[in-house]
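Reader: I should like a close look at one part of this model, together with its surroundings. Please set it out as one connected account, and state the cut-offs behind each term.

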Amino acid sequence: MGKIENVKTYSGKDLDTIFFRPMLTGKSAEELGIKIMYNTSVPAKLHFWKRSGDILQQYSASGWKGGAPATKYQKDVAMHKVKAEIGYSADDYFSFVYELITNSPEVNMDDLSGTELEAAETQLFRESIAESIRATMWLGDTSRADTLNTFDGFIKRIVADAAESDSEIVSHKFSKADTGWEEKLLKTLWENASEQLKELKSEGQLAYFVTSDIYNAYEDSLDNVLLDAAYMAKQAGRDSLLYRGIPVIDVQVSGYLDKCPDMPSSFAFLTDRRNLALFVNTNEFPGTEVRMWYNPDLMENRQRAIFMAGCDYLLPELLTFATEQE
């Protein structure tokens with residue numbers, strides 16, 4: 001067997017349950033560190049409820065003295081129809097899929113069924129789409145000619161809004177020339193945060209989102225702490241980093257920043273995870289599908305996905321942002 005020729009098409013319920021839902025729920029979604037909204041109505045809306053403050057009243061035997069309802073913030077999120085297409089030579093494609101199959105201990109290599117091949121092909125394409133969505137979510141710009149241009153990402157929206165004179169986004173510049181600049185940066189983001197954002201710390205949803213250079217520099221600074229625990233962590237590595245109990249998350253876009261000179265080369269921001277949302281929709285318009293087939297004329301395996309995607313943040317007062325001083 002040197003090529004894979006079975007045509008596979010996912011649409012409707014299969015598109016949801018087999019292809020997209022496993023990619024956008026569970027551990028893979030949690031690792032993104034943000035809210036993921038899947039198959040919501042179009043136009044997509046981002047919501048945030050603010051807890052009411054003092055609602056206790058002196059008791060009275062009868063009557064109603066209800067106060068104002070809880071404050072609700074809402075923002076429409078632009079959704080874009082996107083298409084993903086990949087073509088592999090038949091030999092390369094078979095090698096990729098065959099490797100995925102052989103790495104599974106449950107597979108009997110003497111009796112490969114269509115189910116195992118389909119699962120391996122689906123995994124191959126799903127991983128490619130997930131990575132493209134993730135990178136575009138951070139660095140996307142629809143005005144760009146070719147790279148990550150299917151929908152606008154968080155950084156474009158934040159930078160544009162922060163530049164406005166009446167912006168509520170707290171932003172500043174930092175320099176790597178300063179000693180201990182990485183910890184000073186995280187401290188500054190916290191100190192410059194609005195009181196509304198600081199009050200949400202107790203709910204456990206705050207997070208620093210930073211580029212890899214900042215993440216690595218902060219981890220290196222922890223290695224220099226003269227404690228047995230720090231020494232052990234230096235040897236064993238750290239699964240995650242915290243600053244004042246707040247997770248520090250590496251957005252892992254260094255490989256894309258060289259291709260996106262319009263983006264800041266180094267950035268960090270502090271926000272509530274619920275303030276950021278990625279939207280993916282596969283059921284609100286005709287033509288949505290995932291298709292995989294073999295083209296015998298070009299001896300090429302092809303994969304195509306059509307769906308809708310978009311992302312945005314809701315409240316600027318729940319975000320403090322920093323970029324490197326040029």
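Author: A convenient starting point is Gln-252, which sits in the loop between β9 and α10; helices (H or I, at least four residues) and strands (E, at least two) are DSSP runs, numbered from the N terminus. The model is a predicted one, in which local features need pLDDT of at least 70 and side-chain atom pairs count only at pLDDT 80 or more, while totals for chains, interfaces and linings use all residues. Residues are numbered from 1 along each chain as its sequence is written, and side-chain values use heavy atoms, with hydrogens and water left out.

Most residues other than glycine have a negative phi. Gln-252, although not a glycine, has a positive phi of about 55°. Its relative accessibility is 52%, so Gln-252 counts as exposed; exposed means over 50% relative accessible area, buried under 20% and partly exposed in between, with a 1.4 Å probe and protein chains only. Met-299, in the loop between β12 (289-295) and β13 (300-313), also has a positive phi, of about 50°, without being a glycine. Met-299 is exposed as well, at a relative accessible area of 54%.

Beyond α10 (254-257), the loop that leads to β10 contains Ser-266. In contrast to Gln-252, Ser-266 is buried, because its relative accessibility is 1%. With neighbours within four places in sequence left aside, Ser-266 is in contact with Phe-174, Lys-176, Thr-211, Asp-213, Ile-214, Ala-322, Thr-323 and Glu-324, where contact means heavy atoms within 4.5 Å. Ser-266 and Thr-323 are 57 residues apart along the chain, yet their C-alpha atoms are separated by 5.8 Å.

The part examined most closely here is strand β10, residues 267-272. Six of its six residues are buried, so β10 is largely enclosed by the rest of the structure. In a regular strand the side chains alternate between the two faces of the sheet. In β10, Phe-267, Phe-269 and Thr-271 point one way, Ala-268, Leu-270 and Asp-272 point the other way, and all are buried.

Strands of a sheet pair through backbone hydrogen bonds, either parallel or antiparallel. Two strands are taken to pair if DSSP finds at least two bridges between them. Strand β7 (residues 206-210) runs antiparallel to β10 and is joined to it by five bridges; Leu-206 stands opposite Asp-272. Strand β14 (residues 319-324) also pairs with β10 in the antiparallel sense, over five bridges. There, Phe-321 is the bridge partner of Phe-269, and Thr-320 stands opposite Leu-270.

These strands belong to an open sheet of six with mixed pairing, in the order β6-β14-β10-β7-β9-β8. Its edge strands are β6 (170-174) and β8 (241-243), each of which pairs on one side only. Neighbouring strands of the sheet are turned by 25° against each other on average, direction ignored. Helix α8 (residues 212-223) lies across β6, β7, β8, β9 (246-250) and β10, and runs at about 80° to β8. For such angles, axes are lines fitted to C-alpha atoms, for helices over the stretch in contact, and the values run from 0 to 180 degrees between N-to-C directions.

The aromatic surroundings of β10 complete the view. A search of the whole structure finds eight aromatic pairs; rings of Phe, Tyr and Trp (its six-membered ring) pair if their centres lie within 6.5 Å, with planes under 30 degrees apart counted as stacked, over 60 as edge-to-face and the rest as tilted. One of them is the tilted pair of Trp-138 and Phe-269, at 6.2 Å centre to centre and 55° between the planes. Trp-138 lies in helix α4 (residues 114-139) and Phe-269 in β10, so the pair ties together parts that are 131 residues apart in sequence. Both Trp-138 and Phe-269 are buried. One aromatic cluster is formed by Trp-138, Phe-154, Phe-209, Phe-269 and Phe-321.

For the wider setting, the chain has ten helices and 14 strands, and buried residues make up 44% of its 326 residues. Among contacts between residues at least 6 apart in sequence, 76% join residues at least 24 apart. As to confidence, the mean pLDDT (the predictor's confidence in each residue, from 0 to 100) is 80, and 76% of the residues reach 70 or more. Over residues 107-113 pLDDT stays under 50, and the model has eight contacts for them beyond four places in sequence.
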